[in-house]
Amino acid sequence: MKRSKEAPKEGKPAKKEGRVAKRGRFSTPTTAAGILTGPLRYVLRFLLIVGVAFVIDRYQRSLVKNSRVAVSEVNLLRKMNVTCGKGYEKFPKCTPSACGRVVMDRFASTKEVDGLLDIAKRGMAHGGGAGGATILDLHSGALSRGKEFVSIYKAVKETVFTKEDFDLYKTVKDRVKRTIGFEFKVPDDRLYLTHPTFFSRMNDQPPATSHDEYWHPHIDRITYPSFYYTSLLYLTTFGEDFTGGEFVFIDTNSNHTVEPSAGRLSFFTSGSENKHRVTRVEGGTRYAITISFTCDKKFAIQDPSG
């Protein structure tokens, strides 16, 4: 009997339409319905990857334009490199590996923050600015009192600070110095603590002098020529202890905002690459410590001892 051409040979299964002849990695499809299982799928996969990468890139670029480090975030290390301004060439061994900004949460423990906050409040209780800003410098003794500055070590007869207070301050300050040196690849013996280094208190009182107008954009190296590296350790928290008072880096086409959080350390190179401002405190009280370092030994200051 003559077999029909459509009938399969006896003992062999019929081939199903749409299946490829072999199942190798680069097997060729046998029908139009199976074409996406062939080499074209690799082309389509490549185009898909490129498309996804493009979308991610555009999304990341949109984040860079205006970013915010919120209180709710916990950043063990968040760093943003920026192009250095002029002025670092004079001290090549103190030049940063790359200029930038760094935020580190939980830098100081709760116990350390409470201790430092107590030092600030205890000292400022003997003064207080007439406007919304008060400073206390443990090194020089400078304390805001009304529209002037007095020396807390001369104006106050009793002993305000203990050896334990100064030890705590030095411990935290030394840790800040080591951290800045590590992140910017500067040898520890090339960084020197410099003036002014101080506690600050800000509230919503209207300004009484130009010193109270802390919210104007500025560059630290212009305001304080000795500054090469600036750090701020926050002792109170945005949204809990105060509103306003955010720290804002100002770039040509974007702003980058840091919300203060107790124990959070923010530090950066002090040149024109890091122009910044602090927004006006709208309510509550904001406490922080500014700790600054220079590359020029002639501007170095000693640890406070009272």
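## A small cavity to start with

N203, D204, Q205, Y214, W215, R280 and V281 line the largest cavity in this structure. Keep in mind that you're looking at a predicted model. A search through the whole structure turns up one cavity of 30 Å³ or more, and the volume of the largest cavity is about 30 Å³. What kinds of residues make up its lining? It's a mix: three are nonpolar, two are polar and two are charged.

## The largest pocket

Now for the largest pocket, which has a volume of about 850 Å³. Its lining is made of 41 residues, and those nearest the centre are I135, F198, H211, Y214 and Y224. Y214 is a name you've met already, as one of the residues lining the largest cavity.

Several parts of the chain pitch in here. The elements giving two or more residues to the pocket lining are β5 (133-136), β6 (142-146), β7 (148-151), β9 (198-202), α5 (220-223), β10, β15 (276-278) and β17. Which element gives the largest share? That's β9, with four residues. Sorted by type, the pocket lining has 16 nonpolar, 17 polar and eight charged residues.

## The nonpolar cores

In soluble globular proteins, nonpolar side chains tend to be buried together. Here, the largest nonpolar core has 44 residues, and the ones with the most contacts inside it are L116, F199, Y229, L233 and L235. Both helices and strands feed into this core: β3 (100-104), α2 (110-124), α4 (163-184), β10 (229-234), β14 (265-269) and β17 (286-294) each supply at least two residues. The largest share, seven residues, comes from α4.

F199 is a good residue to click on. Which residues does F199 touch, once you set aside its neighbours within four places in sequence? The list is L116, I119, A120, M124, T134, I135, L136, L138, Y169, L235, A288 and I289. Apart from this core lies another one, with 17 residues, including W215, F247, F249 and F268. W215 also helps to line the largest cavity.

## Two disulfides

A disulfide is a covalent bond between the sulfur atoms of two cysteines. How many does this structure hold? There are two. If you number the bonded cysteines in sequence order, they pair up as 1-3 and 2-4.

Let's take C84 and C99, whose sulfur atoms sit 1.9 Å apart. The torsion about their S-S bond is about 105°, so this disulfide is right-handed. C84 and C99 both lie in the loop between β2 (78-81) and β3, so the bond ties together parts that are 15 residues apart in sequence. Are these two cysteines buried or exposed? C84 is partly exposed, at 35% relative accessibility, while C99 is buried, with a relative accessible area of 0%.

The other disulfide joins C94 to C295, with an S to S distance of 2.0 Å. Its torsion is about -70°, so this one is left-handed. This pair links distant parts of the chain: C94 is in the loop between β2 and β3, and C295 is in the segment after β17, 201 residues apart. Why do C94 and C295 count as buried? The cut-off for buried is under 20% relative accessible area. C94 comes in at 3%, so it counts as buried, and C295 is buried too, with a value of 6%.

Methods:
Residues numbered from 1 in each chain as written. Predicted model: local features only at pLDDT ≥ 70, side-chain atom pairs only at ≥ 80, totals over all residues. Heavy atoms only, no water. Core = buried A, V, L, I, M, F, W, Y, C linked by side-chain atoms within 4.5 Å. Buried < 20%, exposed > 50% of the residue type's maximum accessible area, 1.4 Å probe, protein only. Contact = heavy atoms within 4.5 Å. 1 Å grid on protein atoms, 1.4 Å probe; cavity = no way out; pocket = protein on both sides within 12 Å on 5 of 7 lines; lining within 4 Å. Points joined across faces, edges and corners; volume = space filled by probe spheres on them. Nonpolar A, V, L, I, M, F, W, Y, C, P; charged D, E, K, R; others polar. Disulfide = S-S within 2.5 Å.
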